[in-house]
Amino acid sequence: MANRKYIVGNWKMNGLQSELSDISEIASIAAAHPSVDAAICPPVTLIASAASHNSAFAIGAQDCHFNEKGAHTGCVSAAMIKQAGASFSILGHSERRADQHETDAEIKAKAEAVHAAGLGAIICVGETEEERDAGKAVHVVCGQLEGSFPDKADSSWLTIAYEPVWAIGTGRVPEASDVEEMHAAIRNKLGKLMGEGADAVRILYGGSMNGGNAAELLAVPNVDGGLVGGASLTAEKFGPIIEAAAAA
């Protein structure tokens, strides 16, 4: 039985109170397609407001700290994002792995922290262009997955997102055959890491997904949805992706 499609918008460092009207418009589209699980991850400053502006989809965070509290200036805990209205968090996005030098061990700890707080986790993995050109893409991605994989993982709260780093925000998208190969490798690795239940863990594709290519990408085996960046900022661009998922 195929997994329900899951379309997640990552607003990154975009969004002010004036953009909340887009949340309401996206909520209307999501409500019209109940067969799809849709979600938006706004900046932390908008989580509470975004959660109060819709009931059609989930609101998530873009990151959280692995400690419950303490001297971590500028950081937020799983309990804090939950209280604000988030039901899950993206973890280990390639931009944080690169810019904040996050390690697999830190991402694993964050995933276990959000689970302990009763939240879901989307763990991101992906290779650089140099790693792909060197023929190391599958090795790198599966290594990240193993290193970041949390204890007590279960499909009820864990999602994996494959994001080829070289495709994020560039407009470049891998061939469907490359996406199929990587998602199959991730599925196989999940089977080795957790055994029974691996097939129910949703694997999202992230990397310049938009209304024009969503249908093709969502038709690829083991692609259970998308982690969408720039195309999630407006209802005009995000709506067609939700609609493509509903038709998949």
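**Salt bridges and a helix pair in the predicted model**

The side chains of Glu129 and Arg172 meet in a salt bridge, with a distance of 2.8 Å from N to O. Glu129 lies in helix H6 (residues 129-133), whereas Arg172 belongs to the loop between E6 and helix H8 (176-194), so the pair ties together parts of the chain that are 43 residues apart in sequence. Because its relative accessible area is 32%, Glu129 is classed as partly exposed, and Arg172, at 41% relative accessibility, also counts as partly exposed. The structure described here is a predicted model, and a search of the whole structure finds 14 salt bridges in it. In general terms, side chains of opposite charge can pair when their charged atoms come close.

Another of these pairs is formed by Glu95 and Lys12, whose closest N and O atoms are 2.8 Å apart. This salt bridge links distant parts of the chain, since Glu95 is in helix H4 (residues 94-99) while Lys12 is in the loop between strand E1 (6-10) and helix H1 (20-31), at a separation of 83 residues. Glu95 has a relative accessibility of 32% and therefore counts as partly exposed.

A salt bridge is also found between Asp151 and Lys108, where the closest N and O atoms are 3.6 Å apart. Here too the pair links distant parts of the chain, with Asp151 in the loop between helix H7 (137-148) and strand E6 (158-162) and Lys108 in helix H5 (residues 104-116), 43 residues apart. Asp151 is partly exposed at 47% relative accessibility, and Lys108 is likewise partly exposed, with a relative accessible area of 23%. In addition to such pairs, salt bridges that share partners join Asp63, Arg96, Glu102 and Lys110 into one network.

The packing of two helices was examined next. Two packed helices are described by the angle between their axes and the distance between the axes. The axes of H1 and helix H10 (residues 235-247) come within 10 Å and cross at roughly 20 degrees. Because angles under 35 degrees count as roughly parallel, H1 is described as roughly parallel to H10, and the crossing of H1 with H10 is right-handed. On the side of H1, the contact is made by Asp22, Glu25, Ile26 and Ile29, and on the side of H10 by Ala235, Phe238, Gly239, Ile242 and Glu243. When these residues are sorted by class, the contact of H1 with H10 has five nonpolar, one polar and three charged residues.

Terms used:
Residues are numbered from 1 along each chain as its sequence is written. This is a predicted model: local features need pLDDT of at least 70, side-chain atom pairs count only at pLDDT 80 or more; totals for chains, interfaces and linings use all residues. Side-chain values use heavy atoms; hydrogens and water are left out. A salt bridge is a side-chain nitrogen of Lys or Arg within 4 Å of a carboxyl oxygen of Asp or Glu. Helices (H or I, at least four residues) and strands (E, at least two) are DSSP runs, numbered from the N terminus. Buried means under 20% relative accessible area, exposed over 50%, partly exposed in between (1.4 Å probe, protein chains only). Axes are lines fitted to C-alpha atoms, for helices over the stretch in contact, and angles run from 0 to 180 degrees between N-to-C directions. Angles under 35 degrees count as roughly parallel, over 145 as roughly antiparallel, 65 to 115 as roughly perpendicular and the rest as oblique. A crossing is left-handed if the near helix is turned anticlockwise from the far one by less than a right angle, and right-handed if clockwise. Contact means heavy atoms within 4.5 Å. Ala, Val, Leu, Ile, Met, Phe, Trp, Tyr, Cys and Pro count as nonpolar, Asp, Glu, Lys and Arg as charged, and the others, Gly among them, as polar.
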